[in-house]
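Visitor: I am new to reading protein models. Could you take me through this one, step by step?

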Amino acid sequence: MSSSAERRSPDSGTDGDRPLSLLVLISGRGSNLRSIIDAIARGEVAATIGAVVSDRPDAPGLAHARDAGIPRIVVDRKAYPSRDVFESALRATIDERRPDLLVLAGFMRVLGAGFVRAYEGRMINIHPSLLPAFPGLDTHARALAAGAGEHGASVHYVTPEVDGGPVILHGRVPVRPDDDIDSLAARVLAQEHRIYPLVIRWIAEGRLTSRDGTPYFDGRPLSKPLDYAEIRAGAGAEP
Ligand code: GRF
């Protein structure tokens, strides 16, 4: 697997104009996968999905891959005696396909440090909160219980600390007085479907890179997460 920068280097031996190759990892519903498939199909993201990998054979999201004609691979966690053996099988599956970028889209396994380090800077995740607020599970319930005035989603590079890697982009939503978990989750999910394809687009365009653990956007280190509303207001042309 090569980084975006290497991919685009004239010395790398790769075709700098070829689309970014993705491997998308899922465990469940796959609505983020669907949003990425759709954004690619609309021509907004210069990428191809080489395969969708699920750790669960019954993940409903696999149907989105099937419908789009994308190869589906199941690496069934239950078929392996330990996390280490499972992750070895997952690494073999990934490395055989040599993707440029690993996209975790509702992949519900905590990955070991060895696995994460193998792909650091080339693996991104989406999380349903404005990280560093509310890492982990049940983020919408926790945001409501905390009386948060706003909530949202984060796209971040994956590091060994769960939900702790450098945040690239925040998509904020208001929390309304009459919100329950479902209404808030739906508002956040709609933002997820906008911000995840956008980050992949930036990586495909070479605008976003990761160097030594620091994200760079348009050549400048990101000292704080980008904000989707500000990006939209500033650029106009961004989706
Ligand atoms: C999303 O809320 C995402 O932020 C989290 O898991 C959920 C996956 O949803 N990591 P889907 O499978 O993409 O519909």
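Visitor: In which loop is the place of D163?
Guide: This is a predicted model. Look for two strands, β6 (150-157) and β7 (167-174). D163 sits in the loop between β6 and β7.

Visitor: What value does phi of D163 have?
Guide: Most residues other than glycine have a negative phi. D163 is a residue other than glycine, yet its phi is positive. The value is near 60°.

Visitor: Which residues does a cis peptide bond join?
Guide: Most peptide bonds are trans. Here, one with omega of about 15° is cis. Part of the answer lies in the loop between β5 (123-127) and α6 (139-145), the place of P132. The cis bond joins L131 and P132.

Visitor: Are α2 and α7 parallel, perpendicular or oblique to each other?
Guide: Two packed helices are described by the angle between their axes and the distance between the axes. The axes of α2 (residues 31-41) and α7 (residues 181-204) come within 9 Å and cross at roughly 50°. Roughly parallel would need an angle under 35 degrees, and roughly perpendicular 65 to 115. That crossing angle therefore makes α2 oblique to α7.

Visitor: Is the crossing of α2 and α7 left-handed or right-handed?
Guide: Handedness depends on which way the near helix is turned from the far one. Clockwise, by less than a right angle, counts as right-handed. α2 passes α7 in a crossing that is right-handed.

Visitor: How many charged residues are in the contact of α2 with α7?
Guide: From α2 come S31, N32, S35, I36 and A39, while α7 gives L189, E192, H193, Y196, P197 and I200. Six of the residues in the contact are nonpolar and four are polar. The charged count is one.

Visitor: Which residue has a side-chain N or O atom 2.6 Å from an oxygen atom of the ligand?
Guide: The residues around the ligand include R29, G30 and E192. G30 uses a backbone N or O atom, 2.7 Å from a ligand oxygen. E192 has a polar side-chain atom 2.8 Å from a ligand oxygen. The 2.6 Å distance belongs to the side chain of R29.

Notes
Residues numbered from 1 in each chain as written. Predicted model: local features only at pLDDT ≥ 70, side-chain atom pairs only at ≥ 80, totals over all residues. Heavy atoms only, no water. Axes fitted to C-alpha atoms, helices over the stretch in contact; angles between N-to-C directions. Helix = DSSP H or I, 4+ residues; strand = E, 2+ residues; numbered from the N terminus. Parallel < 35°, antiparallel > 145°, perpendicular 65-115°, else oblique. Contact = heavy atoms within 4.5 Å. Nonpolar A, V, L, I, M, F, W, Y, C, P; charged D, E, K, R; others polar. Near = heavy atom within 4 Å. Polar contact = N/O pair within 3.5 Å; in protein donor to acceptor, adjacent residues only side chain to side chain.
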